[in-house]
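Open the model in your viewer and keep the sequence panel beside it. We will go from the whole chain to one helix and its surroundings.

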Amino acid sequence: MKCLPFNFTFAAVNERSFILNASRVTRCGVKINTYILMERELQFTADGSHTLFIPEMDEHYHSVNGAVQESRHIFIGAGLREHPASSLRVLEVGFGTGLNAFLTLLEVEADGQRLVDYHTVELYPLGLDLIDKLNYGALICPEKQELFRSLHTAAWDCSVPITPRFTLHKIEGDSNRVPLPEQVDLIYFDAFAPEKQPDMWTEVLFNRLFALASPGCIIVTYCAKGVVRRMMQSAGFLMERLPGPPGKRHILRGRKAWK
């Protein structure tokens, strides 16, 4: 069975699952308990893929107009496919459900020519009880759905080879405070919306990301607000506004000039 191109649409359906996470995660071989006191609801989006909704924040992890098509459009189409390098270091701000990482992994495996060193930051990791309810693996690429789970079972704060072409390094913590990799070629900026998580959309953080970026680095985000574009531009990125996925008019992409 081939991985689905995912260009079809579903009627939106909400399937609620109220989950209070108490997960046990592994960090470099040491198991620790992590308690996340936020309720999440499992919901379907318009393309048939799942998203999560946090009632306390009134915020979704992905677009209700289609989680997979949004991630493919923004992070794969406008980001990964636009970088010419055969070996990439990716930094993702907001691991969340792991959807962006999974789509990147599938793209790399299908291409067969690239190597990706994928670093991703998450302050509130999801528990496996919730991860196992998400339909991304079965819906997108059934024969590789075990790889989706492997992204979540991989130890934190370590480099873990997921495949010979894709290495994952998950970082648990706040992107404003934790050590981040240098010489980054591609940045997926996928934090919650600025009005929900304002501390993640600051000049200080964008300046830090620019300093960590290698020449030619691409940064992409779903948020096209003028204030965000101006902060990224002030940090040094050469910004452009691009057409967005269904339900979103525009997205932003920036580049660090080649020297």
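A contact means heavy atoms within 4.5 Å. Select the whole chain: residues 24 or more positions apart account for 67% of its contacts with a separation of 6 or more.

This is a predicted model, where local features need pLDDT of at least 70, side-chain atom pairs count only at pLDDT 80 or more, and totals for chains, interfaces and linings use all residues. Residues are numbered from 1 along each chain as its sequence is written, and side-chain values use heavy atoms, with hydrogens and water left out.

**Confidence.** Colour by pLDDT, the predictor's confidence in each residue, from 0 to 100. The chain has a mean of 89, and 86% of its residues reach 70 or more. Now select residues 6-27: pLDDT stays under 50 there. Select residues 30-36 too, where pLDDT is again below 50. Where pLDDT is low, the predicted coordinates should not be read in detail.

**The sheet.** Switch to cartoon. You should find 7 helices and 12 strands. These are DSSP runs, numbered from the N terminus: helices are H or I with at least four residues, strands are E with at least two. Next, pick out the open sheet of 8 strands, in the order β7-β8-β6-β5-β9-β10-β12-β11, with mixed pairing. Two strands pair if DSSP finds at least two bridges between them. Which strands are the edges? They are β7 (159-163) and β11 (238-243), each paired on one side only.

Zoom in on β6 (residues 115-122) and β8 (residues 166-172). They pair in the parallel sense over 7 bridges. Click Thr 120; its bridge partner in β8 is Lys 170.

**Helix α6.** Select residues 203-212. Buried here are Leu 205, Phe 206, Leu 209, Phe 210 and Leu 212. Buried means under 20% relative accessible area, exposed over 50%, and partly exposed in between (1.4 Å probe, protein chains only). Look down the axis of α6: its buried residues fall within an arc of 165 degrees, so they line one face of the helix. The arc is that of the directions from the helix axis to the C-beta atoms. On the other side, Val 204 and Ala 211 are exposed.

What covers the buried residues of α6? Show β5 (87-93), β9 (184-189), β10 (213-221) and α7 (226-235), which are among the cover.

**Whole chain again.** Turn on burial colouring for a last look: of the 259 residues, 55% count as buried.
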